[in-house]
Amino acid sequence: MAAHEVQSGRLIEDARRRAESGDLDGAAEIFAGLVADGREQDRAQAAVGLAVVLEERGDVAGARAAARTALATGHPEYAAQAACHLARGFERDGLADQARAAWQAVIGVGTPAYLPAAHMALARLAAERGDDAEAESALRAALATGDPNAGSRAAQHLAEYLLAGGAPGEAADVLLAALDLPEIADAGRLRVLLGMAHLDMACAELAIAVETAGDADSVALAVELLARTLPLRGRDEDADVAWAYGLDHPDPSVAEQVALRLGRDPAAAEELAHRLDRDDPGNAPGV
């Protein structure tokens, strides 16, 4: 190791100790000297330290200038740290556009350890400004990093978004991809969402079966399964529509079988009758 590297390492440690003991001015002086020295690695590391110390002193502009100096070095560790420092500071100050640019700079540095947080932050910022397409893209990028924590959170947000948008198949694919990640966090929640996606897919298939099944038994069974599944997704009114469709089916044999299936649960049948007396749910099952 070269003598100057040993010396700069000692100076950086000295500056850190001073900062930890409350001597921010002394720490800033040492870090500033190393930044001015011009050796790239020392300069990047010292510039990050200077940015932190100056921010603690309340010199926001100086801290950001120091962070930009570190970022400009392109150092895989300290440039990424500097970009994160900038991004978080901009977010605290409500400067969303600047924060977005700084998080994109983190991604531009390309250091894997910093990518999950950057993608999740970009997803959050995009969601806050209503840019669903960019939010979805950022969440997919976070999932693609393979990080077990960010990947889990990204998959949950993305699956919820896709379920709300009526794309349960895509949601299921996202959740299965997350569950395949080693040591994925919060697997239980991911499996709950996967079950919800499968319920939505089942409802869609059953609704098609109600309309297309060729025999009375299949139609009646599809009506019952659809009507009993929809409430599991909080869609009680749609369930009433499905029952009413079956009970009023133009094929008397279908209507009879649906009535028999509903009659297996007298309390539910009575409650449905009261609801149908109050409302006109229409003539086609909803999904």
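# Exercises on a predicted helical model

Gln45 lies in helix 3, which spans residues 40–56. The model treated in these exercises is predicted.

## Exercise 1. The surroundings of Gln45

Determine whether Gln45 is buried or exposed, and identify the contacts of Gln45 beyond its neighbours within four places in sequence.

**Solution.**

Step 1. The relative accessible area of Gln45 is 15%. Buried means under 20%, so Gln45 is buried.

Step 2. With neighbours within four places in sequence set aside, Gln45 is in contact with Ile12, Arg16 and Tyr78.

Step 3. With Tyr78 there is a polar contact between the two side chains, at 3.3 Å.

Step 4. Ala67 provides a distance in space: 22 residues separate Gln45 and Ala67 in sequence, and their C-alpha atoms are 9.9 Å apart.

## Exercise 2. The sides of helix 6

Establish which residues of helix 6 are buried and against which helices they pack.

**Solution.**

Step 1. Helix 6 comprises 14 residues, 96–109. From first C-alpha to last, helix 6 reaches 20 Å, close to the 20 Å expected at 1.5 Å a residue.

Step 2. Ala99, Ala102, Trp103 and Val106 are the buried residues of helix 6. They cover an arc of only 100 degrees around the axis, and therefore lie on the same side of helix 6.

Step 3. The spacing can be set beside a general rule: an α-helix has 3.6 residues a turn, so residues three or four places apart point the same way.

Step 4. The packing partners of these buried residues are helix 5 (78–92) and helix 7 (115–128).

Step 5. The face turned away from the buried side carries the exposed residues Asp97 and Gly108. Just after helix 6, Gly110 adopts a positive phi of about 85 degrees.

## Exercise 3. Two buried residues in other helices

State where Leu139 and Glu224 are placed, and which residues each contacts outside its neighbours within four places in sequence.

**Solution.**

Step 1. Leu139 belongs to helix 8 (residues 132–144) and is buried, with a relative accessible area of 8%.

Step 2. Apart from those sequence neighbours, Leu139 is in contact with Met120, Ala123, Ala154, His157 and Leu158. The C-alpha atom of Leu139 is 8.3 Å from that of Gly151, 12 residues away along the chain.

Step 3. Glu224 belongs to helix 12 (residues 216–229). The relative accessible area of Glu224 is 8%, so this residue is buried.

Step 4. With the corresponding neighbours set aside, Glu224 is in contact with Trp243, Arg261 and Arg264.

## Exercise 4. The nonpolar cores

Specify how many residues the largest nonpolar core has and which of them have the most contacts inside it.

**Solution.**

Step 1. The largest nonpolar core has 65 residues. Those with the most contacts inside this core are Phe31, Leu50, Val53, Trp103, Val106, Leu143 and Leu190.

Step 2. Two of these names recur from helix 6, where Trp103 and Val106 are among the buried residues.

Step 3. Not counting residues up to four places away in sequence, Phe31 touches Ile12, Ala15, Arg16, Ala46, Gly49, Leu50 and Val53.

Step 4. A second, separate core of 20 residues includes Ala216, Ala239, Trp243 and Val254. Trp243 is also a contact of Glu224.

## Exercise 5. The chain as a whole

Give the numbers of helices and strands, and the percentage of residues that are buried.

**Solution.**

Step 1. The chain contains 15 helices and 0 strands.

Step 2. Of its 287 residues, 42% are buried.

Step 3. Among contacts between residues at least 6 apart in sequence, 50% join residues at least 24 apart.

Step 4. The accessible surface of the chain is about 14,500 Å², and carbon and sulfur atoms account for 51% of this surface.

Key: Residues are numbered from 1 along each chain as its sequence is written. This is a predicted model: local features need pLDDT of at least 70, side-chain atom pairs count only at pLDDT 80 or more; totals for chains, interfaces and linings use all residues. Side-chain values use heavy atoms; hydrogens and water are left out. Helices (H or I, at least four residues) and strands (E, at least two) are DSSP runs, numbered from the N terminus. Buried means under 20% relative accessible area, exposed over 50%, partly exposed in between (1.4 Å probe, protein chains only). Contact means heavy atoms within 4.5 Å. Accessible areas come from the Shrake-Rupley method with a 1.4 Å probe; for residues, only the protein chains shown count as cover. The expected span of a helix is 1.5 Å times one less than its number of residues. The arc is that of the directions from the helix axis to the C-beta atoms. A polar contact is a pair of N or O atoms within 3.5 Å; within protein, one must be able to donate a hydrogen and the other to accept it, and residues adjacent in sequence count only if both atoms are side-chain atoms. A nonpolar core is a set of buried Ala, Val, Leu, Ile, Met, Phe, Trp, Tyr and Cys residues joined through side-chain atoms within 4.5 Å.
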